[in-house]
Amino acid sequence: MADNHSKEVRSKNMSHIRSTNSKPEEIVRKYLFSKGFRYRKNVRTLPGCPDIVLPKYHTVIFVNGCFWHKHDCGRFVWPSSNTEYWIPKINRNVERDKQNHKKLIDMGWKVLIIWECELKKNVREKRLTKLCGEIIS
């Protein structure tokens with residue numbers, strides 16, 4: 001199936017996708033702050049530039065988009081157009097994530113991942129409550 005947008009429109013749309021301070025990140029940060037956790041955002045000195053770093057608990061949190069990081073859920077679907085670009089791109093993202101997580105674990109950090117689909121309204125509270133337990137344990 002062909003793309004519904006022209007190349008220029010698609011390029012503009014893609015350029016507006018933020019890599020930091022996304023809505024899912026904000027949801028997690030506001031929840032953690034409300035529960036008394038203090039953190040640093042997007043620490044570039046750590047492998048993978050984690051979205052949230054909790055130095056007190058030696059924990060990093062990545063808030064991953066299901067599409068960009070190939071989550072095994074209904075929100076991830078391989079694009080049907082321009083597959084010669086997208087398949088290697090997404091697979092590189094997944095491989096880079098694995099390498100960065102290994103580096104962080106080797107440095108003594110606890111690595112937690114929150115997926116975009118886990119922040120939908122019907123499951124958000126349960127997942128964020130579980131996150132707090134994972135941080136403290």
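In what order do the elements of the protein chain run from the N terminus on? The answer is α-α-β-β-β-α-β-α. Keep that pattern at hand as you look through the views below, which show a predicted model.

**View 1. The whole chain brings together four helices and four strands.** Try following the protein chain from the N terminus: two α elements come before three β elements, and then α, β and α follow. The chain has 137 residues, and 36% of them count as buried. Now think about contacts between residues at least 6 apart in sequence: 52% of these join residues at least 24 apart.

**View 2. The four strands make an open sheet.** Across the sheet, the strands are arranged in the order S1-S2-S3-S4, and their pairing is mixed. At the edges you will find strand S1 (40-41) and strand S4 (110-115), each of which pairs on one side only. To see what "mixed" looks like here, compare the two partners of S3. Strand S2 (residues 52-54) and strand S3 (residues 59-64) run antiparallel, joined by three bridges, while S3 and S4 pair in the parallel sense over six bridges.

**View 3. S2 and S3 form a hairpin.** Four residues lie between these two strands. Look in the turn for His58, which has a positive phi of about 50 degrees. Beyond the turn, you can pick out one bridge pair by name: Ile52 has Ile61 of S3 as its bridge partner.

**View 4. Strand S3 is mostly covered.** How many of the six residues of S3 are buried? The count is six of six. Both faces of the strand are covered. On one side sit Thr59, Ile61 and Val63, and on the other sit Val60, Phe62 and Asn64, all of them buried.

**View 5. Ile113 belongs to strand S4.** Its bridge partner is Phe62. Is Ile113 buried or partly exposed? Ile113 has a relative accessible area of 27%, and because buried means under 20%, this residue counts as partly exposed. Leaving aside residues up to four places away in sequence, Ile113 touches Phe62, Asn64, His101, Glu118 and Arg127. For a sense of how the fold brings residues together, find Asp51 too: Ile113 and Asp51 are 62 residues apart in sequence, and their C-alpha atoms are 9.9 Å apart in space.

**View 6. Helix H4 lies across three strands of the sheet.** This helix covers residues 121-136, and the strands it lies across are S2, S3 and S4. Relative to S4, H4 runs at about 175 degrees.

**View 7. Helices H2 and H4 cross each other.** Two packed helices are described by the angle between their axes and the distance between the axes. Here, the axes of helix H2 (residues 23-34) and H4 come within 11 Å and cross at roughly 60 degrees. That angle makes H2 oblique to H4. The crossing is right-handed. From H2, the contact is made by Ile27, Val28, Tyr31 and Leu32. From H4, the residues taking part are Arg124, Glu125, Leu128, Thr129, Leu131, Cys132 and Ile135. Sorted by kind, the residues of this contact are eight nonpolar, one polar and two charged.

How values were computed. Residues numbered from 1 in each chain as written. Predicted model: local features only at pLDDT ≥ 70, side-chain atom pairs only at ≥ 80, totals over all residues. Heavy atoms only, no water. Pairing = 2+ DSSP bridges. Contact = heavy atoms within 4.5 Å. Axes fitted to C-alpha atoms, helices over the stretch in contact; angles between N-to-C directions. Parallel < 35°, antiparallel > 145°, perpendicular 65-115°, else oblique. Left-handed = near helix turned anticlockwise from the far one by under 90°. Nonpolar A, V, L, I, M, F, W, Y, C, P; charged D, E, K, R; others polar. Buried < 20%, exposed > 50% of the residue type's maximum accessible area, 1.4 Å probe, protein only.
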